Amino acid sequence: MADHKFRRQLAEVLDSWVTEDLIGPDQRDRLYAHYQLDTLSASASNRFATVLLSVGGILIGLGIIVFIAANWDVIPPVIRALAALGLMAGLQGLGLYLWQTKGRHRAATAFLFAGEMAMGASIGLMAQWFQVSGKPSGLFLAWSLGILAMAYGLRHAPTGALAIILWLIGFVSDQNGTPTWIYAPAVIPWITALVLFPLAYWCRSRWIFVCSSLGWFVALGTLAWELEAVNDYAWNENFETYFLSMPLLIGAIALWCWSFWHQRNVPWIQINLGPFQRIEGSGASTSVENSSRPLSLDPGLDFGPVAQFLSLLGLVVLFYCWSFNDVWQLQFDRSVTTLGSALRAFWLNPSAITISVWILAIGTAVLWGDRIRNSLVPIEASSEQQAATLRTLRLSDRIIGISALSLLILMHSGAWWGLSLLLTNLGLFVLGGAITWQGLQLSQRWRFWLGLLTITIHIITRFFEYETGLLVKSLVLIVCGIGVILAGLKFEQTRQA
Amino acid sequence: MHSSKFESKSKPKIPLWRFLVPLAIQVSLVLSIPVQKVLTITNGTTIYLQTAPVDPYDVLRGRYVTLNYAIAQRSRLETLPGWPDNWPNRGTEMYVVLKPPIANQSRDAWQPVSVSETYPETLAPDQQVIKGRWQGWRLDLGLGAYYIPENIGDTLEDDIWDNPEGTRAEVKVDKRGRTALMSLWVEDRNY
């Protein structure tokens, strides 16, 4: 689909073209339908205004919180509680009313936000009134769950994003002392996978998807940290990095494989989830009427690129961490016996965390298997050129998969007299190259730059890690700088063409 | 997306229940916050505890006085019968048995008798049990903060600083050792 800016401009000029007799009204309608310009007006037409109004809504809500937190003790607590609950229900109700009957999305979002902040105020008031002390995480959790319920109910993406942000604030404030069970390391990845990611589908929002992915990596980080902490006393520091990296690596691979599963299944998802949203209230006739038309991808469900970016970023960061000599030095006194013990500790230690790691690993393996099975299907393409592009893409995807697998194997096998170090560095280099190449093939800016930056930072780091003369360092910096500029310019040129 | 053209003509209405159900969930979540405290307040017995405060601010809950309790200090607990030989893990639940002051009419502080990691089996009729979580250096009784109206904050703080020995927390405890903070007394002044 054409980009947002172009569609906006087109929508503005289409009517004037008709009045100037450049095109006929039926052509206008066809263009209107082809570029789906009606969704343009239905979605927030002015993002800046939306952001401003939402910020306004949040500020009003914060004002309410501070007002109530200020302990306005002239009013008896019962009245204050009722007023807070009334504000919570009233503001959200008003938001829904504006949205549904007046079609004023932006104002509605602002009111919904204000009402959602009022829920926080109500919770704070209750805690204050009954002297509930302790960590604030429980309060943020309750708040976030309430907002999450509303996001699911109203299918309102900004509300969902707010809920996830509150969820993460609750998580952060839960970090000292005994964790709340829902934030426990063995539980939080599954809540993220089963509650937050489906919300992205439900609301068709890439933003919620990004927030959920953030939550996913945070959750796996906690899992990794807990694994490390649990095994800290039993095993030496040789395996510290191993324990910390494994869940994150598996999580990144899972996200990578999942993104392809998603891309393949998006039409199915759209048909089975899509009409559910779209037709509601307008009868089921539309799906029949439109069944002959080819299905175009809903941009709200286009999670593939962003998922791939996040997983590649995760993979690159892990590779980068393991490309240092010091990390491998720590792995040196691994004997077969200690490796065996560490593996037992990681995989067979009877605990909820280990079960979580197992579920994660099995899920990833299934997704990976599915990915491999589908990459063996013969390429169907209309032209020879398209087939060639698809082949190169498939090859580079394979390279990325193989580098992920090799890191997995290397992490388990320990240091082989510097060979592992060499292989990891080679892997990082190949990975950076494959990503850059894909960026070129797909003319995708973010992928190109991610790959290019990976290679550049990799080279520069190596020269600073080892004892090299200042002259060599300066030469490397200059060459890298020139290389990046030239490659970037070349890329932008081909992209323009 | 293929049906989006129809969407703008007849906007999909969100059925009202999809607003009301989440709203009901929100209200019940808000009301669930004080449930435990309300139960303890209704069924509990009043006791008084010696305190030692400091004073910060909480975004969500406003101004409060942080309270420490004499009976929750490590140095005090270690001297009690029933203190475990092995150092308790952080987060372990512990129970402290308290006995009332001799002159039961006054607001003198209750005194600890013993400590245990399980709920004590035998109790004298006038004794009460208070539950806490071991924090590594003290016991968290769930009474760590006393929220106060903004305008009396300074007065209360000064009063506490002037009379550290005379400050008592009025607390309700129920049969399972759960607590609710009712109010703060400095000498005979109630806050």
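A residue is buried here if 20 or more other C-beta atoms lie within 10 Å of its own, exposed if 12 or fewer, and partly exposed in between, with C-beta atoms placed from the backbone. Helices (H or I, at least four residues) and strands (E, at least two) are DSSP runs, numbered from the N terminus.

This is a predicted model, in which local features need pLDDT of at least 70 and side-chain atom pairs count only at pLDDT 80 or more, while totals for chains, interfaces and linings use all residues. Residues are numbered from 1 along each chain as its sequence is written, and chains are lettered from A and ligands numbered from 1 in the order in which they are written.

**Exercise 1. Describe helix H7 of chain A: its span, its burial and what follows it.**

Step 1: the expected span of a helix is 1.5 Å times one less than its number of residues. Helix H7(A) covers residues 137-154, and its 18 residues should span 26 Å; the end C-alpha atoms are 25 Å apart, which agrees.

Step 2: look at burial. Since 16 of its 18 residues are buried, H7(A) is largely enclosed by the rest of the structure.

Step 3: look just past the helix. Arg155(A) follows H7(A) and has a positive phi, near 55°.

**Exercise 2. Repeat the treatment for helix H9 of chain A.**

Step 1: the 16 residues of H9(A), 188-203, should span 22 Å at 1.5 Å a residue, and this agrees with the 21 Å between the end C-alpha atoms.

Step 2: the buried residues in H9(A) include Ile188(A), Thr192(A), Leu196(A) and Cys203(A).

Step 3: Arg204(A), just after H9(A), takes a positive phi of about 50°.

**Exercise 3. How do H6 and H8 of chain A pack?**

Step 1: get the geometry. Axes are lines fitted to C-alpha atoms, for helices over the stretch in contact, and angles run from 0 to 180 degrees between N-to-C directions. The axes of H6(A), residues 105-129, and H8(A) come within 10 Å and cross at roughly 30°.

Step 2: classify the angle. Angles under 35 degrees count as roughly parallel, over 145 as roughly antiparallel, 65 to 115 as roughly perpendicular and the rest as oblique. H6(A) is therefore roughly parallel to H8(A).

Step 3: list who touches whom. Two residues are in contact if their C-beta atoms, placed from the backbone, lie within 7 Å. On H6(A) the contact uses Thr109(A), Leu112(A), Phe113(A) and Glu116(A); on H8(A) it uses Pro158(A), Thr159(A) and Leu162(A).

Step 4: zoom in on one residue from each helix. Met117(A), in H6(A), has 25 C-beta neighbours inside 10 Å and so counts as buried. Leaving aside neighbours within four places in sequence, Met117(A) is in contact with Ile58(A), Gly61(A), Leu62(A), Ile64(A) and Ile65(A). Phe171(A), in H8(A), counts as buried because it has 22 such neighbours inside 10 Å. With the same sequence neighbours set aside, Phe171(A) is in contact with Tyr183(A) and Val218(A).

**Exercise 4. How are H5 of chain A and H2 of chain B oriented, and which residues meet?**

Step 1: H5(A), residues 77-102, and H2(B), residues 17-32, pack at an angle of about 160°, with axes 11 Å apart. That angle makes H5(A) roughly antiparallel to H2(B).

Step 2: Leu85(A), Met88(A), Ala89(A), Gln92(A) and Leu96(A) of H5(A) meet Phe19(B), Leu23(B), Gln26(B), Val27(B) and Val30(B) of H2(B).

**Exercise 5. Work out the strand order of the open sheet in chain B and follow strand E6.**

Step 1: two strands pair if DSSP finds at least two bridges between them. The 4 strands have the order E5-E4-E6-E7, with antiparallel pairing. E5(B), 111-116, and E7(B), 139-140, are the edge strands, each pairing on one side only.

Step 2: follow E6(B), residues 128-134. It is joined to E7(B) by 2 bridges and to E4(B), residues 93-99, by 6 bridges.

Step 3: name the partners. Val97(B) stands opposite Val129(B) in E6(B). Arg133(B) has Asp140(B) as its bridge partner, and Trp134(B) has Leu139(B).

Step 4: inspect the turn and the burial. E6(B) and E7(B) form a hairpin with 4 residues between them, and Gly136(B) in the turn has a positive phi of about 100°. E6(B) is mostly covered, with 5 of its 7 residues buried.
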